[in-house]
Amino acid sequence: MNPLISVDQLSVYSKASCLVSPLTFNLHQDRPLTILGQTGSGKSLLAQAIMGLLPDSLRIKGKVSIFAKTLTKQECRAMWGKELVMLPQEPWHALDPLMTSLRQVRDVYQWVVGQTEHTANSSAMKALTSLGLDKSADKLPGELSGGMAQRLAIVAATAGGASLILADEPTKGLDVSRREEVIRLLQDKSQGGGLLTITHDVHVAKQLGGDIMVIKDGQLVESGTVEQVLSNPQAEYTKLLLQAQPSEWPIVDRDPGYFAKSDRIMQTEALRLVRGGKTIIEDLSFTIAKGEVVGVVGDSGCGKSSLGDALLGLLPLEAGSIERFDKKAKPHQWLKLYQDPPSAFTGSVSLATLLDDLVSLHGVDQARIRPLMTRLSLSQEILERTCLEVSGGELQRFAILRALLLDPVFLFADEPTSRLDPITAKEVTMLLVELAREQDCSVLLVSHDPDMIRHTCDQVIDLS
Amino acid sequence: MMVSLLKHATFGQKCGGLLLLVLLAFALFGNGLAPNDGAYQDLDAILAPPSETHWLGTDHFGRSMVARMADAIRLSFMLGVLCVVTSSIIGVSLGVWAAWSGKKVDAVLNVFVNILLALPGLVIVLLFAAIVPGSFFVLYLAISLVQWVEYFRVVRAVTKTTVDSPAMQSSQMMGFGRWYLFKRHIWPAIAPSVFTLATFGCATAILTMASLGFVYVGMQPPLAELGLMMVELFPYYSDAPWLLAEPLIAIALLVLGFHLLGRKSS
Amino acid sequence: MKKIFFPRLFQLLSVIWGVGTLTFILMRALPGDMAYRIAASRYGQDNVSSDAADLVRQELNLDQGAVVTYFSWLKELLQGNLGRSLVSDEPVWQILQHMLGHSLLLASVALFLSFFIAIPLGLLGATFGKKVDQGIVVFSTTIRAMPVFVVGLIFILVFSIHWNWLPVAGFGSPEHIVLPALSLAFTLAAISNRVVRNAAIKAFYAPFYRFAQIKGLSSGRTFLRHGSRHIALPVVAFLGIQLVGMIEGIVMIESLFSWPGIGHGLAHAIFARDIPVIQGAALLMGILFVVLNTLVDLVCYRLDPRARRQA
């Protein structure tokens, strides 16, 4: 049987360099293919090249055939929606913010399938109902949750009848609990067709099965069936990727009796938090000991970040109380690490200037900087740059450096690694926990990944 | 500072800057090119075409156009700069204050701004000009009164997002004081907009004065003012078209210079 | 909806207060007897006598100091009592009625024309590559550098005086409106075509635009369903900002072309120091400005379902 998509020695070039080195693969009916790699590894370009979506500034070499035909951009365009479709990375952005759910789906039935407006309306309603989106038919994308938006995007994309699906990071930004239903939906919609998934998430590959290709910096690292590659990886990079999954992290052990002896740093009593008129946290009481790493886990919108902000006094309490025991600690020793590193720094001056500002304000011992930077694997050169000119991982490590120089007693880390790729995320989280323990600084680590919390924290607060 | 400014300037901004420098030089030293000052009437040389003695010709009273143009452009620059300095200082400080110091200040200032925004700027200036006709000072006051609102609104909006940003929150938690937060966070965020507003505001101020002169309710003769000169010289457009062209070109170049200088690269 | 109307209502009151206060100051700044001037404005230049002036003095408490006088002045204004012109002796309301019609005609023709120039030009700049766009930038920058009355002046010199195609100034035949409307339209379009272009580029490169095509919609259908509204929203919102420019342009263009509208009336009244007409014209302009702004708000509200949801 002919492959649905056949890619032969396909490579993508920008003016200056090669972004994707020659790749060859075939996608067969009912046999999913997953391309695994970190952000920036060129895997999205591959999907765009197949769809005929590459910007004119990029050139491709090699051959792509779909249904055993080599297509021009125009011919490819004619197949969009009807036979071939690509799912967007961020469904919230891919849906028209001014249009209701129903209309975004109805449009496809009406203008692509060619139904009358009335029939299209009922077809769309039926499709939404089958995914439990019937109550959201009149909602705008801004009023949907991430999971709902992704389901809606899938319905809209496949309404035109396409069963050959390219999915680019279909689970990006989704809560762990939502991932599975999206993957199941993908499998369902591609039945009798083909499914090419691009992801950085090993779990997605595992669940989909079929074949897998591991890509790094535009180069093929390893390929084979999913079982083969994931259970017995050959390449060093694949192993690293697998180990970077939070479920594979080493468990940071500490003697359970350790905190019984140590001092408490804070205690909350019957905490209640309200955001936008809705109670998000009710009757929450816990104690944090000195040097303890406390994990907070839950789906997005459950109030994890708000809890941290409340502990730091950045958010008013609706009810309950927070008591701090360390009376000697100054206000600047209660600190926060932010989710999106670049937004937590001013881009107006270099990192060196920011560090100098801190040193002169609090009289920090200059001699401590270099060793700590080495521990955090930060090179001296990055200090010359501004926060916009360094990578997210470097910047988050710099944020940790800045925080630790102030000898914090409490650090609220608000999903500090959710914007980083898995390998960097593991490094940064491990370093943070390790260094905080050395300084006997308590950490409130917020994450949507229960595995990460389980492997790094002494105490877990589950808000879901 | 100057060097880094030059380095970051776009081609258009450099052109605008150069154009303004040339105009400024002419405004300051142009009188030296004329045989007499702008008020001297040479009745033997009425509507004279450009020549070696009168580089830009003479007007219907035989006054040297070089001198009068220099006077008029200097007046325009003076008004523009005065208005920009006054309105930007008031607008920026009130904008930062409103965004940073709680709801009460913000609410009071917003009421005030809403009142000012209820009338088109030119109408406000016209009414002021009606009260004290031909006064440069009142014109300056009226234009500044209209223009500070622009700075206020932009600065307030940008400051609000900056104050709520993780970056500033983080600095605040680390114990930095108000001046530091302004210097490192707020000022870098608002500076580009303030600069653009300032250049465009300068152009608008100059335009407003010319507009008033053009409808004969601004500066009064015999003062040399670009809008007024257009009206005065219009009757002679067939005998001496170059005369009418001079103030037209001057105002277009002034406005163009400021617009080019202020435009960010897209 | 309340969010739209309350601030605008407040602005309307501000306009009345602001114009009233400024003209009151203007009245006091003039030399001579204020009561006499007001009496003249009410009863006409010919019927005014010292008796009438005394009556006014009593009624408005003009002999009781500035503050009391000021409040009776505002009271008159709120009752809609605008008086008569000091020059022509006609009731101000009547003068304003005539002027308003002319101004609205000029404004709507100019606005319509400006759309006709700006929308195609903006879309052209957004779709036809860098060279075309740069050409449009040069054109826009050049027009923007010229004040609206200079554009008008050049049009007069070229089309009326040099080629003698169209009348220089005045009012009456349809030809008369061509040049003033065109000058205003060009000035407005020089700015708004950039807004159209930026909005179009933003829409065309938005992820949802591409996704709509991937869903299978044709280019034309995608533009209609997803492009048009996303372009219209910022453009209409910008219209609110451009209203200031339009009203200022009307003052200048009407004066230049002797178009008998409010702007021309206001400039003339200021020149003639005809205080009741100054007050009336400025007031009408302010009201027009607030009303048009409210209309823009309402259109935005209609176009944007997000705003409607919040209300």
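**Chain contacts in a predicted model**

Between chain B and chain C, 0 salt bridges are counted. The model is predicted, with ipTM 0.84 and pTM 0.86.

Colleague: How many residue pairs are in polar contact between chain B and chain C?
Modeller: Salt bridges do not help here, as their count between chain B and chain C is 0. By class, the side of chain B that touches chain C has 31 nonpolar, 4 polar and 1 charged residues. Counting pairs with both residues at pLDDT 80 or more, the number in polar contact is 4.

Colleague: What share of the area buried between chain B and chain C do carbon and sulfur atoms give?
Modeller: Start with the residues: 36 of chain B are in contact with 39 of chain C. Leu127(B), Ile131(B) and Phe214(B) lose the most area to chain C, together 17% of what the chain B side buries. The area buried between the two chains is about 3400 Å², and the carbon and sulfur share is 83%.

Colleague: Which elements of chain B give two or more residues to the side that touches chain C?
Modeller: Strands are out, since chain B has 10 helices and 0 strands. On the side that touches chain C, 4 residues are polar and 1 is charged, against 31 nonpolar. The elements are helix H4 (102-117), helix H5 (121-131), helix H8 (178-214) and helix H10 (241-262) of chain B.

Colleague: Where in chain B is confidence lowest, and where highest?
Modeller: Take the whole chain to begin with: its mean pLDDT is 87, and 97% of its residues reach 70 or more. The low end is helix H1 (residues 2-8) of chain B, at a mean of 66. The high end, at 93, is helix H3 (residues 65-100) of chain B.

Colleague: What covers the buried residues of H7(B)?
Modeller: The buried residues of helix H7 (residues 166-173) of chain B are Ala167(B), Met168(B), Ser170(B), Ser171(B) and Met173(B). Chain B contributes H3, helix H6 (136-163) and H8 to the cover. From chain A, the cover includes strand E15 (334-337) and helix H15 (392-405).

Colleague: Which residue of chain A forms a salt bridge with Arg225(C)?
Modeller: The interface of chain A and chain C has 1 salt bridge. A pair must come within 4 Å to count. Here the closest N and O atoms are 2.8 Å apart, and the partner of Arg225(C) is Asp107(A).

Colleague: Which element gives the most to the side of chain A that touches chain C?
Modeller: Across this interface, 10 residue pairs are in polar contact, both residues at pLDDT 80 or more. Helix H1 (43-51), strand E6 (84-87), helix H3 (91-94), helix H4 (101-113) and helix H6 (146-158) of chain A each supply at least two residues. With 7 residues, the element that gives the most is H4(A).

Colleague: Which three residues supply the most area that chain A buries against chain C?
Modeller: In this interface, 33 residues of chain A are in contact with 21 of chain C. The buried area is about 2400 Å², with 58% from carbon and sulfur atoms. Supplying 27% of what chain A buries, more than any other three, are Arg77(A), Leu98(A) and Trp111(A).

Colleague: Is Thr199(A) buried or exposed?
Modeller: Thr199(A) lies in strand E8 (residues 194-199) of chain A. Its contacts beyond four places in sequence include Thr34(A), Lys43(A), Glu169(A) and Val204(A). Its relative accessible area is 0%. Buried means under 20%, so Thr199(A) is buried.

Note on methods
Residues are numbered from 1 along each chain as its sequence is written. Chains are lettered from A and ligands numbered from 1 in the order in which they are written. This is a predicted model: local features need pLDDT of at least 70, side-chain atom pairs count only at pLDDT 80 or more; totals for chains, interfaces and linings use all residues. Side-chain values use heavy atoms; hydrogens and water are left out. Helices (H or I, at least four residues) and strands (E, at least two) are DSSP runs, numbered from the N terminus. Buried means under 20% relative accessible area, exposed over 50%, partly exposed in between (1.4 Å probe, protein chains only). Contact means heavy atoms within 4.5 Å. Buried area is the accessible area (1.4 Å probe) that two parts lose on being put together, summed over both. A salt bridge is a side-chain nitrogen of Lys or Arg within 4 Å of a carboxyl oxygen of Asp or Glu. A polar contact is a pair of N or O atoms within 3.5 Å; within protein, one must be able to donate a hydrogen and the other to accept it, and residues adjacent in sequence count only if both atoms are side-chain atoms. Ala, Val, Leu, Ile, Met, Phe, Trp, Tyr, Cys and Pro count as nonpolar, Asp, Glu, Lys and Arg as charged, and the others, Gly among them, as polar. pLDDT is the predictor's confidence in each residue, from 0 to 100.
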